[in-house]
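Visitor: I would like to go through this model with you and ask, term by term, what justifies each description.
Guide: Please do, and let us look at the structure together before you begin.

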Amino acid sequence: MEKAVGEADKAGAEMILTKNQEVTDSARGQILNLLAERRSPYGFSMRRVEAEKLRRLFQAARWAPSSYNEQPWSFLVATRDNPEDYDRLLNTLVEFNRQWAGQAPVLALGVAKLAFDRDGRTNRHAWYDLGQAVADLTVQATAEGLSVHQMAGFDAEKARQEFQIPAGYEPVVVMAIGYPDDSEVSESGRPRSRKPLKEFVFGGSWGQTSTLVASDFAHEGGFDDQSN
Ligand SMILES: Cc1cc2nc3c(=O)[nH]c(=O)nc-3n(C[C@H](O)[C@H](O)[C@H](O)COP(=O)(O)O)c2cc1C
């Protein structure tokens, strides 16, 4: 379970904020700003998200690549404009997520279709493809000034029942979407960190760091939280 919002005392929260800023600054020098600036905030502004912007997020998902171009993703969207649907989706979340995600003006459930349309065979990449669609949606959201915080912490069976999701379709993730609230609470609950490249970019055989990232230069920077 993720760390509870507001758990850290004020000094701790300030340290986390400073560290998080360092991580983001370092990332900015290494990758596209859009990717560096994306984050999963705990605080959202109450500001309504324009329907046109929301549509562009789903357009971004629509144009994602997928195995056999199956496009096995669906999204069930609930905005505060429809409080009944919004609350039904909110209530599928585990308690911790419900506390902070209930501020977000938009919630969306990502669903994967588990068999190919073409021949009914199992689509081993359905979850993967949904993930790619969500990743592209998230990049689009960042470009629009929005934030997306994804959640595995929800009751998939409850979501299935609430929204009559048929067998063969899997509720995989709920997203909280909205304009981030830039106050401290947005980030102070969780330090941002990343594994160093040398821990997951291999060459030759499993577990052997690729020479591509073995040099100091390749894995220096604030992304690598546990220092090299
Ligand atoms: C599939 C998935 C499930 C996640 N589930 C939760 C969740 O249930 N609750 C939560 O607070 N954060 C959740 N997160 C957010 C991650 O904790 C977060 O992405 C990670 O700590 C990195 O932080 P960043 O996105 O700000 O870079 C999830 C993220 C993903 C991609």
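Visitor: How do the residues of the shell around the ligand divide into nonpolar, polar and charged?
Guide: In this predicted model, the shell holds 3 nonpolar, 4 polar and 3 charged residues. Of the 10 residues around the ligand, those that come nearest are R39, S40, M151, A152 and G153. By the classes used here, Arg counts as charged, Met and Ala as nonpolar, and Gly as polar.

Visitor: What makes the 4 strands an open sheet, and in which order do they lie?
Guide: The order is β1-β2-β4-β3, with antiparallel pairing, and the two edge strands, β1 (73–79) and β3 (147–151), each pair on one side only. From one strand to the next, the twist averages 25°.

Visitor: How do you know that β1 and β2 pair?
Guide: Two strands count as paired if DSSP finds at least two bridges between them, and β1 and β2, the latter spanning residues 106–113, are joined in the antiparallel sense over 7 bridges; therefore they satisfy the criterion. Within this pair, W73 stands opposite A112 of β2.

Visitor: What supports the pairing of β3 and β4?
Guide: The same criterion of at least two bridges applies, and β3 and β4 have 5 bridges in the antiparallel sense, with Q150 standing opposite M175 in β4. In general, strands of a sheet pair through backbone hydrogen bonds.

Visitor: Why is β3 called largely enclosed by the rest of the structure?
Guide: A residue is buried if 20 or more other C-beta atoms lie within 10 Å of its own, and 4 of the 5 residues of β3 are buried, so the strand is described as largely enclosed by the rest of the structure. For the chain as a whole, buried residues make up 26% of the 228 residues.

Visitor: Which helix lies across β1, β2, β3 and β4?
Guide: That is helix α6, residues 126–143, which runs at about 150° to β2, while β4 covers 169–178. Helix α6 belongs to a chain of 10 helices and 4 strands, arranged along the sequence as α-α-α-β-α-α-β-α-β-α-β-α-α-α.

Visitor: Where does pLDDT stay under 50?
Guide: It does so over residues 221–228, for which the model has 20 contacts beyond four places in sequence. Since pLDDT is the predictor's confidence in each residue, from 0 to 100, those contacts are best quoted together with the value under 50. The chain averages a pLDDT of 89, and 87% of the residues score at least 70.

Conventions
Residues are numbered from 1 along each chain as its sequence is written. This is a predicted model: local features need pLDDT of at least 70, side-chain atom pairs count only at pLDDT 80 or more; totals for chains, interfaces and linings use all residues. A residue is near a molecule or strand if its C-beta atom, placed from the backbone, lies within 6 Å of it. Two residues are in contact if their C-beta atoms, placed from the backbone, lie within 7 Å. Axes are lines fitted to C-alpha atoms, for helices over the stretch in contact, and angles run from 0 to 180 degrees between N-to-C directions. A residue is buried if 20 or more other C-beta atoms lie within 10 Å of its own, exposed if 12 or fewer, and partly exposed in between; C-beta atoms are placed from the backbone.
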